[in-house]
Amino acid sequence: MFAEQAGIDLTYERIEAQADGFADCVHHLRARGFRGVNVTLPFKEDALRVASNATPRALRAGAANTLTIDGQRIEADNTDGAGLLRDLAENLGKTIAGCHILLLGAGGAARGVLQPLLDANPAGVVIANRTQERAMALAALGDARVHAMPIGQAGERAFDLIINATSASLQGSALPVPAACFHGKSLAYDMMYGAQPTGFMRQAAARGVRVADGLGMLVEQAAEAFFGWHGVRPATAPVILALRRALTA
Ligand code: NAP
């Protein structure tokens, strides 16, 4: 849809790599003349490893969702953080500056969005993860605004923005987010998306909180990758709308 908007003639294919064959898959694509790859779970760490160089944001995230192939050179990038920030700011009208943020999860997605969130000047970010050590490791990156705490203790304060960057929704598991984490003007954002609201979104909506899923982030991270490849920033709103209609049809 982005290419159609820009009048660019390209081939875009959905490819499933073998669990232990990601590098082979990318080399095969290069041999076929492909110039870029959007990468999703569970290959984002492999994508960083297969690259000959990486952008600072991919290195910081320890994971890549975008590859650019130029002859023998493969560059890894991570556009998830930029995608989330753009979805929050442009599509949802959420200002991050001054916000108290609760970030649930400490996997690749959480790592990818932490620095872009900090760059937008929040008042603070609390990271809560099922495995507390991973949250602590992520919080130990040296920014005084970031703290890790067990999810059960996060309810000592209410947050303006609660981001679910865990894959709990993917497994249909509930997250034990204390009710006190939400206030009337909070936004509860689940990076997951689907035909139905996730358990986390239902949990937040039941407390009267505004909710959003990650469909906008999906489209915005793809738009950021497209911009990197083609130098054209696509209009995302019609694409989000079309995908939403297709999901709920
Ligand atoms: P990941 O690296 O595998 O990390 C998974 C995270 O979820 C870890 O923090 C893990 O905790 C936690 N977790 C898994 N199952 C859980 C459960 N049952 N209860 C509580 N926590 C659980 O995955 P990721 O790459 O960070 O992706 C996370 C989610 O973000 C996925 O659902 C993915 O689809 C979504 N995502 C969406 C977009 C988008 O464009 N919308 C982009 C990127 C990611 P432990 O550390 O304790 O294992």
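**View 1. G36 and the antiparallel pairing of strands 1, 3 and 4.** In this predicted model, G36 stands opposite T68 of strand 3, where strands are DSSP runs of type E with at least two residues, helices are runs of type H or I with at least four residues, and both are numbered from the N terminus. Strand 1 (residues 36–38) and strand 3 (residues 66–70) are paired in the antiparallel sense over three bridges; two strands count as paired if DSSP finds at least two bridges between them. On strand 4, the bridge partner of T68 is E75, and T66 of strand 3 stands opposite D77. Five bridges in total join strand 3 to strand 4 (residues 73–77), and these two strands run antiparallel. They form a hairpin with two residues between them, and G71 in the turn has a positive phi of about 65 degrees.

Residues are numbered from 1 along each chain as its sequence is written. Because the model is predicted, local features need pLDDT of at least 70 and side-chain atom pairs count only at pLDDT 80 or more, whereas totals for chains, interfaces and linings use all residues, and side-chain values use heavy atoms, with hydrogens and water left out.

**View 2. The open four-stranded sheet and its edges.** The sheet is open, has four strands in the order 1-3-4-2, and its pairing is mixed. Strand 1 and strand 2 (53–54) stand at the edges with a single partner strand each, so one side of each is left without a neighbour in the sheet. Strands of a sheet pair through backbone hydrogen bonds, either parallel or antiparallel.

**View 3. The cis peptide bond before P42.** L41 and P42 are joined by a cis peptide bond, with omega about 0 degrees. P42 is placed in the loop between strand 1 and helix 3 (44–50). Most residues other than glycine have a negative phi, and most peptide bonds are trans.

**View 4. Surroundings of the ligand.** The ligand is surrounded by 26 residues, of which A109, N129, R130, T131 and R134 come nearest; a residue is near a molecule if one of its heavy atoms lies within 4 Å of it. An oxygen atom of the ligand is 2.7 Å from an N or O atom in the side chain of R134, while a backbone N or O atom of G108 lies 3.0 Å from an oxygen atom of the ligand and a backbone N or O atom of L218 lies 3.3 Å from an oxygen atom of the ligand. Taken alone the ligand exposes 930 Å², and the protein buries 85% of that, with accessible areas taken from the Shrake-Rupley method with a 1.4 Å probe. Helix 6 (108–119) and helix 9 (215–230) are the elements that give two or more residues to the shell, and the largest share, three residues, comes from helix 9. By class, the shell has eleven nonpolar, eleven polar and four charged residues; Ala, Val, Leu, Ile, Met, Phe, Trp, Tyr, Cys and Pro count as nonpolar, Asp, Glu, Lys and Arg as charged, and the others, Gly among them, as polar.

**View 5. The largest nonpolar core.** Of the 28 residues in this core, L84, L88, L103, L117, I127, I163 and Y189 touch the most other members; such a core is a set of buried Ala, Val, Leu, Ile, Met, Phe, Trp, Tyr and Cys residues joined through side-chain atoms within 4.5 Å, where buried means under 20% relative accessible area, exposed over 50%, and partly exposed in between (1.4 Å probe, protein chains only). Among the elements that each supply at least two residues of the core are helix 5 (80–91), strand 5 (100–104), helix 6 and strand 6 (124–128). The largest share, five residues, comes from helix 6, in which A110, G112, V113, L114, L117 and L118 are buried.

**View 6. Strands 5 and 6 in parallel pairing.** Strand 5 and strand 6 run parallel and are joined by five bridges, with L103 having I127 as its bridge partner in strand 6. Four of the five residues of strand 5 are buried, so this strand is largely enclosed by the rest of the structure.

**View 7. The loops that hold T95 and N121.** T95 is placed in the loop between helix 5 and strand 5 and is exposed, with a relative accessible area of 56%. The C-alpha atoms of T95 and P122, which are 27 residues apart along the chain, are separated by 8.9 Å. N121 belongs to the loop between helix 6 and strand 6, and although N121 is not a glycine, its phi is positive, at about 60 degrees.

Conventions:
Polar contact = N/O pair within 3.5 Å; in protein donor to acceptor, adjacent residues only side chain to side chain.
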